[in-house]
Amino acid sequence: MGSTTLTTPFKDQTHYSLAKKLLPWTIYAFFPIVIFRLYFYPLQLPQSSRDQFPNTTPIIITSSSTLSLAPPPRFSPPPQLSSHKEEERADETPCDYTSGKWVSDKLGALYNGTTCGTIKDGQNCINHGRPDFDYLYWKWKPKQCELPRFEPNTFLQLIRNKHIAFVGDSMARNQLESLLCMLSTASVPELVYKDGEENKFRRWYFPSHNANVSVYWSPFLVKGIEKSQLGPDYNKLYLDHVDERWAGDLDHINMIVLSIGHWFLHPAVYYEGDLVLGCHYCPGLNLTEIGFYDVLRKALRTTLKTIIERRGSNGNAIDVVVTTFSPSHFEGDWDKAGACPKKKPYNESEKQLEGMDAEMRKIEVEEVNATKDNAKQFAKFRLEALDVTKLSLMRPDGHPGPYMHPFPFANGVTDRVQNDCVHWCLPGPIDTWNEILLQVVKKWEGPSERGG
Ligand SMILES: *[C@@H]1O[C@H](CO)[C@@H](O)[C@H](O)[C@H]1NC(C)=O
Ligand SMILES: *[C@@H]1O[C@H](CO)[C@@H](O)[C@H](O)[C@H]1NC(C)=O
Ligand SMILES: *[C@@H]1O[C@H](CO)[C@@H](O)[C@H](O)[C@H]1NC(C)=O
Ligand SMILES: *[C@@H]1O[C@H](CO)[C@@H](O)[C@H](O)[C@H]1NC(C)=O
Ligand SMILES: *[C@@H]1O[C@H](CO)[C@@H](O)[C@H](O)[C@H]1NC(C)=O
């Protein structure tokens, strides 16, 4: 891998130096094989995901492979809706929730491990006997403003008569379950739909507000075939097609929260149109190693472009939030005690955003920024990055660690202890993501916007 003759198929992204690209591959190429097999294929391995994409799916897709964002399809918004930008009040300086610090907070979480029935076992740290509770008593203090505590009733009012969908990998699920637990303290939802192993597709209905909240498993957002025991030991990504498992429902979704990242670290082969673009960590396949940064970028671009095309043409409004990359905090071997041992947040001088975490976030924010610029004429398409990378990076104390399993030390500390330093305890720091999400939606739905 990494010969000097490497050519990037993404001609518009040459500003990433080759060296910068190669470094993380060498570090992270081996990482996902061990770690992510455990975390992202917990317990049973999925039966071939090819069930999702019937045998007729060709390995080589024959279609145009151009992905440029411009020019977008013609769509003229109704005149009364075209001016919501101008109505933004000048005195409303938007709060930058990205930079700030964690400060101690006596209030603690809105819920506990038993108040809602939707916490994934591996993230139910309290129920699994995590003995320290300090990690629950912090709140995020943005530099220039306050982040209000989550208000479940306000959120429910904002999604009245709407369907909000979380689409992505297990981080999307983690965030969805946090939101659902917080909303459940105000109104009890009914689980109305459930499908897929590990409940990868679910929908809840809040009768009190005629609101639907759902989660769709789609770790690449674009069409993908996940590696499996029966099939090849690498993922296949089709970068010019979205995954129809979620995109097929777009007509019934009002707000969509996209959250991806970690699955892009897996070994994979990438396709676009009738081209094999290359691969990531695929020894023996005689394909060019192209890493995963440009692939993530392209997957996001295809996703956002498709959402605009499909919703632009039928004229229904849609709001899109892209949750940025969530850093993991492995400090030692994943299968030894003390893999993520910290019991307090980092302070500002202790931890900088750098390396892969920074690069993944940057790609996501850049794609959101570029799409916003390109989609200005679509008054009914709103897009925002939920930039949680930095604030999450500062919370090494918020992961399940060994408490991904119940009472891991019931028989003393053993040689082998599996640790989850990727996902977040519920309740935990990820609740803050939804506090910010509430502010994003509030700003969208505020009196100066779209007129309710
Ligand atoms: C969890 O919260 C519920 C109220 O939602 C309360 O009744 C219960 O005692 C709490 N459990 C623990 C262990 O704190
Ligand atoms: C929510 O889902 C139900 C079906 O369970 C459907 O009847 C209803 O129209 C949906 N409401 C919204 C606002 O999406
Ligand atoms: C690998 O691919 C190159 C270019 O496609 C080809 O020239 C070469 O013969 C291949 N090597 C093997 C071992 O298949
Ligand atoms: C940050 O944390 C380090 C290590 O815990 C400590 O030495 C340092 O004084 C802290 N700095 C601030 C500004 O709190
Ligand atoms: C995205 O756009 C915002 C607002 O224009 C800007 O402050 C920020 O630097 C941009 N971020 C990236 C990564 O391009």
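# A tour of rings and ligands

Start by selecting Phe-220 and Trp-263: both residues are buried. Keep in mind as you look around that this is a predicted model.

**Stop 1: an edge-to-face pair**

Now show the two side chains as sticks. Phe-220 and Trp-263 make an aromatic pair of the edge-to-face kind, with 5.9 Å from centre to centre and 80° between the planes. Where along the chain do the two partners of this pair sit? Colour by secondary structure to see that Phe-220 is in the loop between strand 6 (211-217) and strand 7 (222-225). Trp-263 is in the loop between strand 9 (255-259) and strand 10 (268-272). The pair links distant parts of the chain, 43 residues apart.

Next, add Trp-217 and Phe-264 to your selection. Together with Phe-220 and Trp-263, they form one aromatic cluster. If you enjoy hunting for rings, a search of the whole structure turns up nine aromatic pairs.

**Stop 2: a stacked pair**

Select Tyr-238 and Tyr-271. Are these two residues buried or exposed? Tyr-238 and Tyr-271 are both buried. Why does this pair count as stacked? The ring centres of Tyr-238 and Tyr-271 are 5.0 Å apart and their planes are at 15°, so the pair is stacked; the cut-off for stacking is under 30 degrees. Tyr-238 belongs to strand 8 (residues 235-242) and Tyr-271 to strand 10, so this pair ties together parts that are 33 residues apart in sequence.

Leave Tyr-238 on screen and add Lys-223. Lys-223 lies over the face of the Tyr-238 ring, at 5.3 Å from the ring centre. For another arrangement of this kind, jump to Trp-102 and Arg-395: here Arg-395 lies over the face of Trp-102, 4.5 Å from the ring centre.

**Stop 3: a serine in a helix**

Select Ser-170, which you'll find in helix 4 (residues 170-184). Ser-170 has a relative accessible area of 9%, so it is buried; the cut-off for that word is under 20%. Which side chain does Ser-170 touch through a polar contact of 2.6 Å? Add His-423 to see it: the contact joins the side chains of Ser-170 and His-423.

**Stop 4: the ligands**

Go to ligand 2 and show what is around it. The surrounding residues are Asn-161, Lys-162, His-163, Arg-203, Tyr-205, Asn-210 and Asn-212. The protein covers 54% of the 360 Å² of accessible area that ligand 2 has on its own. How does this shell break down by class? There are one nonpolar, four polar and two charged residues around ligand 2. Try the distance tool here: a polar side-chain atom of Asn-212 is 2.5 Å from an oxygen atom of ligand 2, and one of Arg-203 is 3.0 Å from an oxygen atom of ligand 2.

Move on to ligand 1, which has Asn-112, Thr-114 and Thr-115 around it. Here the protein covers 26% of the 360 Å² of accessible area that ligand 1 has on its own. Zoom in on Asn-112, where a polar side-chain atom is 2.3 Å from an oxygen atom of ligand 1.

Finish at ligand 5. Its surrounding residues are Val-365, Glu-366 and Asn-369. The protein covers 34% of the 360 Å² of accessible area that ligand 5 has on its own. Pick out Asn-369 for the last view: one of its polar side-chain atoms lies 2.2 Å from an oxygen atom of ligand 5.

How values were computed:
Residues are numbered from 1 along each chain as its sequence is written. Chains are lettered from A and ligands numbered from 1 in the order in which they are written. This is a predicted model: local features need pLDDT of at least 70, side-chain atom pairs count only at pLDDT 80 or more; totals for chains, interfaces and linings use all residues. Side-chain values use heavy atoms; hydrogens and water are left out. A residue is near a molecule or strand if one of its heavy atoms lies within 4 Å of it. A polar contact is a pair of N or O atoms within 3.5 Å; within protein, one must be able to donate a hydrogen and the other to accept it, and residues adjacent in sequence count only if both atoms are side-chain atoms. Accessible areas come from the Shrake-Rupley method with a 1.4 Å probe; for residues, only the protein chains shown count as cover. Ala, Val, Leu, Ile, Met, Phe, Trp, Tyr, Cys and Pro count as nonpolar, Asp, Glu, Lys and Arg as charged, and the others, Gly among them, as polar. Rings of Phe, Tyr and Trp (its six-membered ring) pair if their centres lie within 6.5 Å; planes under 30 degrees apart count as stacked, over 60 as edge-to-face and the rest as tilted. Helices (H or I, at least four residues) and strands (E, at least two) are DSSP runs, numbered from the N terminus. Buried means under 20% relative accessible area, exposed over 50%, partly exposed in between (1.4 Å probe, protein chains only). A charge sits over a ring if NZ of Lys or CZ of Arg is within 6 Å of the ring centre and within 35 degrees of the ring normal.
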